[in-house]
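Student: I would like to learn how to read a helix in a protein model. Could we go through one together, step by step?

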Amino acid sequence: MRSGEEFDRELIRVRLVWVGMIAFFLVLVVALWGIQVRDVSRYRSSMDRQSIRRVRLPATRGMILDKNGVCLADTRPSYCIAIYLEELWQAGILKNTVDEVDRIISRLEGILDLKRVVTRGDIISHLNKRRPLPFLAWRDVDERVIAKWVESNVNLPGVDIYVEPMRVYPHGSMASHVLGYVARAEPARDDVEPYHFYLPEVKGTYGLEKVLDELLKGTAGGQLIRVNVIGLKQQEEGGVLPTSGSDIVLTLDSRIQQLLEDLLAGEKGAGVVMDPRNGDILAMASSPSFDPNNFSPGLSDS
């Protein structure tokens, strides 16, 4: 009789264990359903917030022209040698990737006959601060380097040509006191939709470049990029293209401007030529002058 009671107790315990296991399984199923079905949009939104980065794209600066359409200030493409870190990432400690990037730069030195201008510290800083963006090993390389690039058929992983804008003054010192020059601008912070990364841009700091800066600089755009868990770019997710700045047409006549400057060459003084019919300023010069191209900043990603 006692053994029968023990058997019943054992059976009850087994049944309780089964009930507990079934209850635990049901709770697990409900929890998984909540994560994978009911709350999927919330988790996907959270994942997107963690993996999407916003990059501010500066607009192309507008031209400054004389009354006859002669360009006095323009923006030209500056060709750079870029290294895309997502293609060179090495497993393990950060030093492994730094070594690989350093090795690629050393090979490019020989192939393109270029002197190194970046250090290991620059590579480390870029990896820590701007990992999803290309690392520019050389900026504003000349036609000789581009020709070597084409002739050598460079086929190194993670290396390509990158183009960034640079302000130029085609006529050098002509009308320099009128035109002025630009300098590197501090990133324009957006409190509504803050950007994670800001590409270098310029602002007018003297002359018409400063006075008309709001018209010339245009409206910046933005690029969305998706990064992986270690912060490397995976793909582009779209964005808004920047709107180029407005072109400005002056009353200056570049031919008369050049004649006036030739008259003032080697002297200290200033001169103005005005159209008596309507008051238009046809030329305005001051001597000595300067070349505003010397003030165009070498853009930096630091």
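Student: How many helices and strands does the protein have?

Tutor: This is a predicted model, and the protein in it has nine helices and 13 strands. Buried residues make up 37% of its 302 residues, and we can look at how burial appears in helix H9, which covers residues 254-264.

Student: Which residues of helix H9 are buried?

Tutor: A residue counts as buried when its relative accessible area is under 20%. In H9 the buried residues are Ser-254, Gln-257, Leu-260, Glu-261 and Leu-264. Seen down the axis of the helix, these residues fall within an arc of 120°, so they line one face of H9.

Student: Why do residues that are not neighbours in the sequence point the same way?

Tutor: An α-helix has 3.6 residues a turn, so residues three or four places apart point the same way.

Student: Which exposed residues does the face of H9 turned away from its buried side carry?

Tutor: That face carries Arg-255, Leu-259 and Leu-263, which are exposed.

Student: What do the buried residues of H9 pack against?

Tutor: They pack against three strands, namely E3 (71-83), E12 (269-274) and E13 (281-287).

Student: What can be seen at the start of H9, and what just after H9?

Tutor: At the start, Asp-253 has a side-chain oxygen that comes within 3.0 Å of the backbone nitrogen of Arg-255, while just after the helix Gly-266 adopts a positive phi of about 80°.

Note on methods:
Residues are numbered from 1 along each chain as its sequence is written. This is a predicted model: local features need pLDDT of at least 70, side-chain atom pairs count only at pLDDT 80 or more; totals for chains, interfaces and linings use all residues. Side-chain values use heavy atoms; hydrogens and water are left out. Buried means under 20% relative accessible area, exposed over 50%, partly exposed in between (1.4 Å probe, protein chains only). Helices (H or I, at least four residues) and strands (E, at least two) are DSSP runs, numbered from the N terminus. The arc is that of the directions from the helix axis to the C-beta atoms. Contact means heavy atoms within 4.5 Å. A polar contact is a pair of N or O atoms within 3.5 Å; within protein, one must be able to donate a hydrogen and the other to accept it, and residues adjacent in sequence count only if both atoms are side-chain atoms.
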